[in-house]
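Please read the following report alongside the sequence and the coordinates. It deals with a small sheet and the helices that pack on it.

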Amino acid sequence: MRAEAALRLVPPIRRVLPCVLIATLLVCQPVPLKAQSGNTPPRPDTLPSAQPDAQKAAQPAQAPTAPAAASAAQAASSSGPSNTTVTSAANTQEDAHAVQPEAGAGTEAAPKQAASALPDAVQPPPAAPPLDMPLVHSVIATALEFLGPRTLEQHSSRDFALWGLGSLTALDPTLALDSRGADIRLLSGQTPLLTRPAPAAQNDEAWAQLAVDFMAAARDHSEGVRTATREELVQAFFDELFNHLDPYSRYIGPSSATTDREARVGGEADAGITLARKGRDIVISAVNANGPAWSAEVDTGDKLLAVNNRLTAGQSVETVTNWLRGEEDSRVTLRLLSPGRRRGHTVVLHRAKVPPETVFAFASGSLVVLRVTAFSSDTAEEMSQYLDQATQDPGLKGLIIDLRGNRGGVLQQAVTAAALLLDRGVAAVTDGRDAQANHIWAVQGGDMTNGLPIAILVDGRTASAAEILAAALADHKRAVVIGSSTLGKGLVQTVAQLPDEGELFVTWSRVIAPLHWPLQGLGVMPQICTSLGEADSTRQMHDLAHGQLDNQPAVQASRAARFPLPVSRILAIRKACPAALGSDRDLTVARSLLENKAWYATALSAIPDDPAAMPTTIR
């Protein structure tokens, strides 16, 4: 898709003799002059952080050819452990010209003294500082093309562009957009500033050009719009656009998008260790399970004596951490001293880009707790390594997976994590308008724990990919869910990188759990609810000991729900176990449950085999 340069509306510099201007002021009242289109080439944005690479700015914008979620589906079977397979069955299936504004553009008077003599009410507005409007055009055109086939509900480029142009009114309430007739008009009060014929509804390029021209006209006439930087103008456009869609679709600006990408796939290459100060020494406080140091002779508690022959003595943790960073696959030499040893040892590592660690494990008697904080590109691999270690203990009686506060992440990683604990079956189904959004996420390969009892802790902040994992294990009667109703984010986003290095997160599919109920809005209903207080939790455990699960009606009602689900029905089901923050009570209940096989079996039985045949009455 070509991105055409937008014609600028730049007021010319009127140079007149001071005496002529003064004489004119004595005999007549000044009137506004029409702005004329200038031929001055556009200059880059004055903000260094927003200034695009010159070569990129000269290239035409191109829409992404493969959504990120589709790529994740293809990679599902290769990124997990070697004994796990994840499969996904997919369902197959004129440039506009600038128009001169009619009134309101100011001109620059040559004699400064004469201009200052004008009353404030008729002072011409200053010329708008130049922005890289061709880049803005490229960003909007790319976004319109990407959005068209992917949003959950069908909308036209006309809809998207007009929604986004609502940002002009947000920046300056005196501006308004009139789209009721065959023409689109930008108004300042009742005064037309720019009128353009409406392009065909699905013409991405023409609507992008119209949007840019209206932005340029607004900047020429409005102080509120003129003071906005390019990034602020683009952000406002997309904020208004996405106000008309679901709550999760959004635009992320270039700097924030870079941070998000690093969180998903790793930032600067390093050794995969975390440092801390202990007295006068710098010690290793954590080793990333997917980092270069994990398989080397590096352990937590080791003193770090030197990095590439540079002594760490007297250095700050921040300085030494920077020493560990470098080019990907470059060598870094560590001199370490392990506790209890008198002689140090040397380890040579190759730096790698590693996402932040998301899985943390600790033993609690005969149980192992896996705390999963998010789902990055390596979460399933981290889980696999910890599970492999944990299952080597013959005294292990159960596993607790703590998903409280986990806001989700990469869907494919949640599916792969489910594959570590399921022998086979459907983990989730995603459904959208785009054929590439439709998948049946099926797993097979083998349960790493050989049927070890599992409790999953959730709370009101558990969302998205974390809910998918909890729902998959619960629906297959592989785990008991403990806590409160989860957030209920059952929508999947696909990501597009835009020409300004920003990103679009666009919701393109809904998640359906293995027993065919919708995650969106409903969330995961736990078998054992801990959000109703200490007394209620004690009563539930007492009844569980007598073979009765108090929350069973709500669990069955949630599994019998089908899309589309009225909000009133969602609220009626969720009120049985309101969303809340997790507490220590969750862990106490999980330990009691896993240590009593009969209680565990009773809780598992709350999940129906055929939810359509179950009663849906809830207390």
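How many bridges join strand 4 to strand 5? Four bridges join this antiparallel pair, where strands (E, at least two residues) and helices (H or I, at least four residues) are DSSP runs numbered from the N terminus, and two strands pair if DSSP finds at least two bridges between them. The model is predicted, so that local features need pLDDT of at least 70 and side-chain atom pairs count only at pLDDT 80 or more, whereas totals for chains, interfaces and linings use all residues. Residues are numbered from 1 along each chain as its sequence is written, and side-chain values use heavy atoms, with hydrogens and water left out.

The open sheet has three strands in the order 4-5-6, with antiparallel pairing. Strand 4 and strand 6 each have a single partner strand, so one side of each edge strand lacks a neighbour in the sheet. From one strand to the next, the twist averages 15 degrees. Two helices pack on these strands, contact meaning heavy atoms within 4.5 Å; angles run from 0 to 180 degrees between N-to-C directions, and axes are lines fitted to C-alpha atoms, for helices over the stretch in contact.

| Helix | Strands touched or crossed | Angle |
|---|---|---|
| Helix 7 | strand 4 and strand 5 | about 160 degrees with strand 4 |
| Helix 8 | strand 4, strand 5 and strand 6 | about 165 degrees to strand 6 |

Within the sheet, aspartate 178 has arginine 185 of strand 5 as its bridge partner.

The buried residues of helix 7 (under 20% relative accessible area, 1.4 Å probe, protein chains only) include Phe160, Trp163 and Leu168.

Note on methods:
Buried means under 20% relative accessible area, exposed over 50%, partly exposed in between (1.4 Å probe, protein chains only).
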